[in-house]
Amino acid sequence: MRIFKRRRSVVDPIVGFWTWWEETGAQLVADAIARKEPGSISGVLAEHVNAIHGGLDWELGPGLHAEHTLVVTAAGDPATRAVARRWLRSAPPSDHLWEYADLRRPSPEVTIQFEGMPPVASDDALVTIEPDERAAAVHVGVHHPVFAQVSEDVQRRITFLLLDLSLGEEMTETWIGAVETLVDRPAETRPISELLPTVAAFAAAFTTEDGDPTWRLLEGFVDGQRLIATTEVPLRSIRLPHLDTHVGVTIGYPAGREDGLPDAEMLDQLRNLEDHLTSRLGDSGRLLAHETIAGARTLHYYVDGSTPASAQLEAATTGWPHGEVRLTTARDPGWQNLSHLGS
């Protein structure tokens with residue numbers, strides 16, 4: 001006689017986290033904070049976060065609209081940001097007690113304390129600021145009096161922590177370019193409190209009235225062929241961390257001009273196809289750039305790799321009558337496939 005065993009259902013770890021959180025976790029953690037004993041629950045909370053992904057960090061803090069905030073973050077690792085964003089997108093609605101975030105928020109005017117190290121008051125930090133419109137980034141140098149007392153590794157840790165505290169994780173990753181740790185105080189510095197308004201004003205120049213990123217036109221030649229490209233600015237994956245998979249859609253067309261670019265009629269048809277593909281994705285994907293050269297137009301989409309978005313794009317390209325259409329798909333959480341287009 002055959003014996004049949006019931007298969008155990010596999011629970012998505014993000015679903016498992018939120019099930020635990022809504023049933024018991026939220027109240028357990030809130031009670032521990034109320035007793036001023038958050039450490040008593042840290043092991044349990046860490047266990048549930050690590051079950052999602054071992055590379056995630058978490059922290060608790062006061063909320064903007066609720067009493068407390070739970071932050072689960074990839075801590076600067078592009079490969080893990082999509083997991084943290086999916087955790088956030090699955091969160092229950094915020095209430096009076098809890099709200100949620102997947103990126104650290106600004107927390108100026110705090111004191112950093114590493115075990116065995118002198119305290120680091122964030123408002124004692126000084127910065128140099130160099131806006132770079134071409135790179136769509138602000139280059140900074142960071143000086144703190146404590147740097148002379150600690151190792152180079154600790155200096156770097158403090159530097160990036162000061163930036164996150166001043167700007168928040170998203171603004172730091174999006175708009176800060178080169179970072180220099182300055183042990184000796186430069187002749188011209190500014191209080192770190194001036195960094196946030198300066199970077200915010202810089203970012204506003206790359207943002208439309210609707211809050212969307214601006215686009216940049218690029219021109220050049222490759223092997224003697226004229227290339228036209230347009231890109232969103234800036235091309236940094238922290239803006240849309242759940243879009244972790246690159247899909248390149250290369251569309252062949254008959255070159256109607258001597259320089260290999262499409263004539264006006266063909267350009268309209270290419271744009272219609274682009275609109276058709278984009279409309280199929282919804283918030284599961286986004287067109288971030290395109291390049292046109294010598295009878296081929298490549299659309300650079302980034303999609304959520306946990307959805308069927310790449311298959312939807314492939315299905316939507318059938319029926320193009322003017323040339324071959326090729327798709328390439330690769331996991332790329334750091335958007336490295338767009339690095340040749342800058343910013």
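Which residues does Arg226 touch, not counting residues up to four places away in sequence? In this predicted model, Arg226 touches Glu219, Gly220, Phe221, Arg257, Asp259, Leu261, Thr292, Ile293 and Ala294. To see where these contacts arise, it helps to start with the sheet around Arg226.

Arg226 has its place in strand 11, which covers residues 225-233. Strand 11 belongs to an open sheet of six strands, arranged in the order 10-11-13-14-12-15 with antiparallel pairing. At the edges stand strand 10 (214-222) and strand 15 (325-331); each has a single partner strand, so one side of each is left without a neighbour in the sheet. On average, neighbouring strands here are turned by 20° against each other, direction ignored.

Strand 10 and strand 11 run antiparallel and are joined by nine bridges. Within this pairing, Glu219 stands opposite Ile228 in strand 11. Helix 7 (residues 264-281) packs on the sheet and touches strand 12 (245-252), strand 13 (285-293) and strand 14 (296-303). The direction of helix 7 makes about 15° with that of strand 14.

Back to Arg226 itself. Its side chain is joined to the side chain of Glu219 by a polar contact of 2.8 Å. A polar contact of 3.0 Å links the side chain of Arg226 with the side chain of Asp259. The C-alpha atoms of Arg226 and Gly260 are separated by 7.2 Å, although these residues are 34 residues apart along the chain. Is Arg226 buried, exposed or partly exposed? Arg226 has a relative accessible area of 24%, so it counts as partly exposed; the class called buried ends at 20%.

His144 offers a second residue to examine. It lies in the loop between strand 7 (137-143) and helix 4. With a relative accessibility of 3%, His144 counts as buried, because buried means under 20%. Leaving out residues up to four places away in sequence, His144 touches Val120, Ala121, Asp124, Ala125, Leu162 and Leu182. For Ala121 there is a further detail: the side chain of His144 reaches the backbone oxygen of Ala121 at 2.8 Å.

The loop that holds His144 leads to helix 4, which spans residues 152-167 and packs with helix 6 (residues 195-204). Their axes are 9 Å apart and meet at an angle of about 70°. That angle makes helix 4 roughly perpendicular to helix 6. Which residues of helix 4 meet helix 6? They are Leu163, Ser166 and Leu167, and they meet Leu195, Leu196 and Val199 in helix 6. Of the residues in this contact, five are nonpolar, one is polar and none is charged.

There is also a sheet of three strands. It is open, has the order 1-2-3 and is mixed in its pairing. Its edge strands are strand 1 (57-62) and strand 3 (98-101), each of which pairs on one side only. Neighbouring strands of this sheet are turned by 20° against each other on average, direction ignored. Strand 1 pairs with strand 2 (residues 68-73) in the antiparallel sense over six bridges, and Gly61 stands opposite Thr69 in strand 2. Helix 1 (residues 13-34) lies across strand 1, strand 2 and strand 3, and runs at about 115° to strand 3.

Key
Residues numbered from 1 in each chain as written. Predicted model: local features only at pLDDT ≥ 70, side-chain atom pairs only at ≥ 80, totals over all residues. Heavy atoms only, no water. Axes fitted to C-alpha atoms, helices over the stretch in contact; angles between N-to-C directions. Helix = DSSP H or I, 4+ residues; strand = E, 2+ residues; numbered from the N terminus. Parallel < 35°, antiparallel > 145°, perpendicular 65-115°, else oblique. Contact = heavy atoms within 4.5 Å. Nonpolar A, V, L, I, M, F, W, Y, C, P; charged D, E, K, R; others polar. Buried < 20%, exposed > 50% of the residue type's maximum accessible area, 1.4 Å probe, protein only. Polar contact = N/O pair within 3.5 Å; in protein donor to acceptor, adjacent residues only side chain to side chain. Pairing = 2+ DSSP bridges.
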